[in-house]
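Here is a short briefing for a newcomer. Take a look at the structure first, then read on.

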Amino acid sequence: MATLDKGEESLFQSLEMNLNLDTHTLRLSRELYFKYKRSCGGNWAQSNQHLAARCGTLVASKMQALPTMEKNGQCVRGIGISITRLIRTEPKIRLDDFHTELRKFIQKINIEQEAHGELNEIIAGFAFSMLFYNKFQEILAKLGVYQKEMREPSVNVLKQIAWLLFAYARKEQLNNGNDVVECAILMISVIYIVVMYLPKSIG
């Protein structure tokens with residue numbers, strides 16, 4: 001296997017420490033990283049390593065099938081890596097950048113069918129969420145919610161609170177979190193709450 005440079009070594013050490021990676025997952029993630037790097041050829045840029053290393057780590061996780069504690073002996077793919085922790089490990093990366101890179105990653109690397117299916121579900125779920133996130137922000141902006149007397153930090157906090165309220169309710173209350181109609185109704189309900197209870201001015 002090729003040798004990591006200092007920047008790559010530091011990045012994988014950070015991922016290992018923050019995600020508590022076992023030896024097998026760490027080794028596999030490095031192998032996948034180098035395969036992807038080679039496949040990029042002349043299109044590889046130094047900035048790619050922060051995204052590619054995380055993609056390799058997630059893919060390495062999903063390529064492992066672990067038996068559950070249940071009697072039916074079913075297996076769960078992955079070792080429980082949190083995508084939130086994955087992208088927030090220093091240096092932090094944007095979720096949408098990670099999503100874009102992950103899509104390219106699994107297209108270039110040969111991955112077993114079961115893992116490929118789960119990774120595609122993650123990508124599809126993110127795309128679905130982004131569709132609603134963009135529409136969510138668009139509607140609030142058109143309603144003038146962000147035009148009130150608010151400082152920029154307060155606007156950002158409001159955006160985060162409104163979206164987290166929608167995301168939490170989608171997960172906990174909907175029978176099918178990917179149903180367009182149910183999500184649309186939920187989004188309207190959250191927007192109603194934000195508009196009705198937002199103070200006239202926020203410091």
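From the N terminus on, the elements run α-α-α-β-β-α-α-α-β-α-α-β. That makes 8 helices and 4 strands in the chain. The model is a predicted one. Buried residues make up 39% of the chain's 203 residues. Among contacts with a separation of 6 or more, 67% join residues 24 or more positions apart.

**Helices α1 and α3**

- Helix α1 covers residues 6-19, and S14 lies in it.
- S14 has a relative accessible area of 14%, which is under the 20% cut-off, so it counts as buried.
- Leaving out residues up to four places away in sequence, S14 touches T89 and E90.
- Helix α3 covers residues 48-62 and has 15 residues, which should span 21 Å at 1.5 Å a residue. Its end C-alpha atoms are 21 Å apart, so the expected span and the model agree.
- Helix α3 is mostly covered, with 14 of its 15 residues buried.

**The nonpolar cores**

- The largest nonpolar core has 34 residues. Which of them touch the most other members? They are L15, Y33, V59, F98 and L102.
- Six elements are listed as giving two or more residues to this core: α1, α2 (23-40), α3, α4 (83-88), α5 (95-108) and α6 (113-142).
- A second core is separate and has 16 residues, including F136, L158, F166 and L186.
- Back in the largest core, F98 has contacts with L51, R54, C55, L58, I83, L86, I87 and I93, not counting residues up to four places away in sequence.

**The loop between α4 and α5**

- I93, one of the contacts of F98, lies in the loop between α4 and α5.
- Is I93 buried or exposed? Its relative accessible area is 16%, under the 20% cut-off, so I93 is buried.
- I93 touches H50, L51, R54, I87 and F98, again without residues up to four places away in sequence.
- I93 and R54 are 39 residues apart in sequence. In space, their C-alpha atoms are 9.6 Å apart.
- P91 is found in this loop as well. The peptide bond from E90 to P91 is cis, with omega near -5 degrees.
- E90 also appears among the contacts of S14.

**The loop between α1 and α2**

- N20 sits in the loop between α1 and α2.
- N20 is not a glycine, yet it has a positive phi of about 55 degrees.
- The relative accessibility of N20 is 62%, over the 50% cut-off, so N20 counts as exposed.

**The largest pocket**

- Rolling a probe the size of a water molecule over the atoms shows where empty space is left.
- How much space lies in the largest pocket? The volume is about 1200 Å³.
- The pocket is lined by 27 residues, and T84, I87, L95, F126 and W163 are the closest to its centre.
- Helices α4, α5, α6 and α7 (152-173) each supply at least two residues of the lining.
- The lining divides into 14 nonpolar, 6 polar and 7 charged residues.
- I87 has a place in several of these lists. I87 is among the residues closest to the pocket centre, and it touches F98 and I93.

Terms used
Residues are numbered from 1 along each chain as its sequence is written. This is a predicted model: local features need pLDDT of at least 70, side-chain atom pairs count only at pLDDT 80 or more; totals for chains, interfaces and linings use all residues. Side-chain values use heavy atoms; hydrogens and water are left out. Buried means under 20% relative accessible area, exposed over 50%, partly exposed in between (1.4 Å probe, protein chains only). Contact means heavy atoms within 4.5 Å. The expected span of a helix is 1.5 Å times one less than its number of residues. A nonpolar core is a set of buried Ala, Val, Leu, Ile, Met, Phe, Trp, Tyr and Cys residues joined through side-chain atoms within 4.5 Å. On a 1 Å grid over the protein atoms alone, a cavity is a set of points where a 1.4 Å probe fits but cannot get out, and a pocket is an open set with protein on both sides within 12 Å along at least five of seven lines; lining residues have an atom within 4 Å of a point. Grid points are joined across faces, edges and corners, and a volume is the space filled by probe spheres set on the points. Ala, Val, Leu, Ile, Met, Phe, Trp, Tyr, Cys and Pro count as nonpolar, Asp, Glu, Lys and Arg as charged, and the others, Gly among them, as polar.
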